[in-house]
Amino acid sequence: MIRSLFWFRRDLRLNDNPGLSLALKESDEVLPLFIFDREILKSPDIGAPRVAFLLTSLESLGKNLTHLGSYLLIRQGKPIEQLAAILQETKATKIYWNTDLEPYALKRDAEMQACCNDLGVQVHQVPDQCIQAPGHVLKSDGTPYTVFTPYSKIWKQQTVPILHPRPRAIKSPSELKSIPLPSLGELGHTLKIPLPAAGEKAAHDLLNSYIQSGVESYQSRRNLPALDATSRLSPHLRFGTISARTVHRAAALAREKNPPAAKEIDVFISELIWRDFYKTILFYFPHVALGSFRPIYDDLEWENNDRLFQAWCAGQTGFPIVDAAMRQLNTTGWMHNRLRMIVASFLTKDLLIDWRQGERYFMQQLYDGDLAANNGGWQWAAGTGTDAQPYFRIFNPESQAKKFDPEGILIEKYVPEINSLRYAAPIVDHGQRRLKALAMFKKVRG
DNA sequence: TTTTGAGTTGTTCGA
DNA sequence: GTCGAACAACTCAAA
């Protein structure tokens, strides 16, 4: 009788879960479990939105497991200690998990692997996060790409892995002592904004409705934040309540069925490739998590004025499009991609504040906050990253607003006081700050 | 090794 | 108002 553990982390689903499928195939009994990691919970990058989304996703996962005749074992503490205890309690001889490519996770998992080696427990780590795992898209000399366009060209030549069907039943060992799912308050957070529907069903509902109407006009409408023209799948991809492969498959089928919309849908697929690209960059160049991809830019002399930073966070800069964007973030836990670029450019190039401060604020406020994607986006905007925006390309908040919110619908929604005396005066002069930013970059470029 | 072409998402200036 | 060039030469990828 073979008894295994399956460790859920960022893959909170039963559909297309390659690690879980493998565990079920190779075992008579599988115990599914999740561990609240104190290390992660106390990170300053964690905010109430993500913890709340996690809790709801776990609740839903637990119910779904119950329907399959199993259950979700929950523990809290240091993963390696908890897992060692569970291995002992169950006498399981194998453990499965899907690979997580973040630096902290890689280190933690390597330690767990070593611990299992000592205990004589077999470990199976299964690639899952990317559609094309790092190593599948490399230059001809075997090294990783650092430029997106050639990366995406090779990416598209690869075959996309098949989807793993949802298990029909899961046989688990008799119930172990589980802690009840903690409440948000118990984890030290309070949620002050609406919580989007979490869990696998919500993710599939979102995908289906977006594929039915939305994806066929992605390219034309994706840059207009006043329209609800994007999929909103990002938190689900973040927590794995849906797999990127599943999203890709649905988009690829829609593309086949609707050839006139192929170009529109290709841009949507391209965003999935960007997701793989930044995960791969983080995997091969983990220093990006702490500093610039190009070390020369670690010498930039940011002003880091705290009053300006607070005004940016609060959406009180006096620049309507920036304030609307920040208020969208603060009140919904989500920000449209076009707006993310605008506020990132504004923080770095107008306020001359280190991109890492903005990166952290985003992580605290976003439901979809993901290290690789968020870091990649911020480094792009700051001009410090791979494929960096040329440093002289500085967004003008006014022309961006004119181009992408021409009727001022978004601004009106989030900054209703726009035409009254109550509205803040601009906290900086864009023209002057632009020149200052150019000078700041010129200094480190010699 | 050397050479060549290209690079997510822009802005400003001057004709 | 519109349009093309400059921004500043840099780095990467591939031949």
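## The surface at DNA strand C

In this predicted model, the surface near DNA strand C has 5 nonpolar, 2 polar and 1 charged residues by class (Ala, Val, Leu, Ile, Met, Phe, Trp, Tyr, Cys and Pro count as nonpolar, Asp, Glu, Lys and Arg as charged, and the others, Gly among them, as polar). You will find K139, S140, Y145, T146, V147, P150, P390 and F392 around the strand, where near means a C-beta atom, placed from the backbone, within 6 Å.

Residues are numbered from 1 along each chain as its sequence is written, while chains are lettered from A and ligands numbered from 1 in the order in which they are written. Local features need pLDDT of at least 70 and side-chain atom pairs count only at pLDDT 80 or more, whereas totals for chains, interfaces and linings use all residues.

## Domains of chain A

The domain assignment, automatic or from a database, splits chain A into domain 1 (3-128), domain 2 (200-284) and domain 3 (295-445). Between the C-alpha centres of domain 1 and domain 3 there are 37 Å. Their contact (C-beta atoms, placed from the backbone, within 7 Å) takes 7 residues from domain 1 and 9 residues from domain 3. On the domain 1 side, these are 3 nonpolar, 1 polar and 3 charged.

## Helix 10 against helix 11

Now for a helix pair: the axes (lines fitted to C-alpha atoms over the stretch in contact, with angles from 0 to 180 degrees between N-to-C directions) of helix 10 (residues 244-257) and helix 11 (residues 262-284) come within 9 Å and cross at roughly 165°. Helices here are DSSP runs of H or I with at least four residues, numbered from the N terminus. The two are therefore roughly antiparallel, a label for angles over 145 degrees.

Helix 10 contributes A244, V247, H248, A251, A254 and R255 to the contact, and helix 11 contributes A262, I265, F268, I269, L272 and R275. By class, that contact has 9 nonpolar, 1 polar and 2 charged residues.

Key:
Parallel < 35°, antiparallel > 145°, perpendicular 65-115°, else oblique. Contact = placed C-beta atoms within 7 Å.
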